[in-house]
Amino acid sequence: MASTLGLGAAMCPLSSLMLPDSAMAADMVPLRIYNPHTRERYDVELFVGSKWNENALLVCHHMMRDWRQKKSIQCDKKLFAALYVVQRKFNIDSPISLNSGYRTPETNNMLRESGAAPNSQHLLGRAVDFALPGVDPIVVSKYAQSLGMGGVGNYPTFTHMDTRGERVYWGRGL
Ligand SMILES: [Zn+2]
């Protein structure tokens, strides 16, 4: 039998993110995140009991900021829960690389040449491009897809995951 993150009915989109019982055991590990652009690294306890840890969320929003424009917004915290579920699934000690989170219009326009969508979910703080060291992105992408949260894109070196209201998948192998 699986448990949800226990965040209550108000967080119902999270109810689709099932954690194995082992993830809810006393040995809760922190979410380990790394920003390869700024080289910042944090280990955060996302939850305090069954509630979000607001201080941890502040760190997460900061790590997801548009580092080029030095701007941050409140990103969708379901992304952080999903990253945590992914971390637990692959059981890695190394931090998850947050390659791209929130993007200002300026940054998104700049990235258009390298494939950023004009109406990118990154503009809304609802998307993250990430990679797990030592894990093939297609394996991560397929697992992210299985969570059924929204959009998932598989790229050669990372996975895009977003919380748009519909399930959309792209990239080789999805
Ligand atoms: Zn993306």
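**Exercise 1. Work out which strands helix H2 lies across in this predicted model, and at what angle it runs to S1.**

*Solution.* Start with the helix and look at the sheet behind it. H2 (77-90) lies across S1, S5, S6 and S8. Its direction is at about 110° to S1.

Next, check the helix's length. With 14 residues at 1.5 Å a residue, H2 should span 20 Å, and its end C-alpha atoms are indeed 20 Å apart, so the two values agree. Just past the end of H2, Asn91 takes a positive phi of about 55°.

**Exercise 2. Decide how far H2 is enclosed, and find what covers its buried residues.**

*Solution.* First, go through the buried residues. They are Lys78, Leu79, Phe80, Ala81, Ala82, Leu83, Tyr84, Val85, Val86 and Gln87. That makes ten of the 14 residues, so H2 is largely enclosed by the rest of the structure.

Then ask what does the covering. The list includes S1, H1, S5, S6, H4 and S8.

**Exercise 3. Describe the largest nonpolar core and say which element gives the most to it.**

*Solution.* This core has 30 residues. Those with the most contacts inside it are Phe80, Ala82, Leu83, Leu98, Val128 and Met161. Now sort by element: S1 (31-35), H1 (54-63), H2, S5 (96-100), S6 (127-131) and H4 (137-147) each supply at least two residues. H2 comes out on top, with eight.

For a close-up, take Leu83. Leaving aside residues up to four places away in sequence, Leu83 touches Leu31, Ile96, Val128 and Phe130.

**Exercise 4. Put the strands of the sheet in order and find the edges.**

*Solution.* Build the order pair by pair.

- S1 pairs antiparallel with S2 (40-44) over five bridges, and Asn35 has Glu40 as its bridge partner. The two strands form a hairpin with four residues between them, and Arg39 in the turn has a positive phi of about 65°.
- S5 and S6 run antiparallel, joined by three bridges; Ser100 stands opposite Asp129.
- S6 and S8 are also antiparallel, with four bridges. Here Ala127 partners Asp162, and Val128 stands opposite Met161.
- S7 (151-154) runs antiparallel to S8, with three bridges, and Asn154 partners Thr159. A hairpin of four residues links S7 to S8.

Put together, the open sheet has seven strands in the order S2-S1-S5-S6-S8-S7-S9, with mixed pairing. S2 and S9 (168-170) are the edges: each has a single partner strand, so one side of each has no neighbour in the sheet. From one strand to the next, the twist averages 25°.

**Exercise 5. Are the residues on the two faces of S8 buried or exposed?**

*Solution.* Begin with the general rule: in a regular strand the side chains alternate between the two faces of the sheet. Now split S8 (159-162) by face. Thr159 and Met161 are on one side, and His160 and Asp162 are on the other. All four are buried, so both faces of S8 are covered.

To finish, look at the helices lying across S8. H2 is one of them, since its path takes in S1, S5, S6 and S8. H4 is another: it lies across S6, S7, S8 and S9, running at about 165° to S7.

Definitions and conventions: Residues numbered from 1 in each chain as written. Predicted model: local features only at pLDDT ≥ 70, side-chain atom pairs only at ≥ 80, totals over all residues. Core = buried A, V, L, I, M, F, W, Y, C linked by C-beta atoms within 7 Å. Buried ≥ 20, exposed ≤ 12 C-beta atoms within 10 Å, placed from the backbone. Contact = placed C-beta atoms within 7 Å. Pairing = 2+ DSSP bridges. Expected span 1.5 Å × (residues − 1). Axes fitted to C-alpha atoms, helices over the stretch in contact; angles between N-to-C directions.
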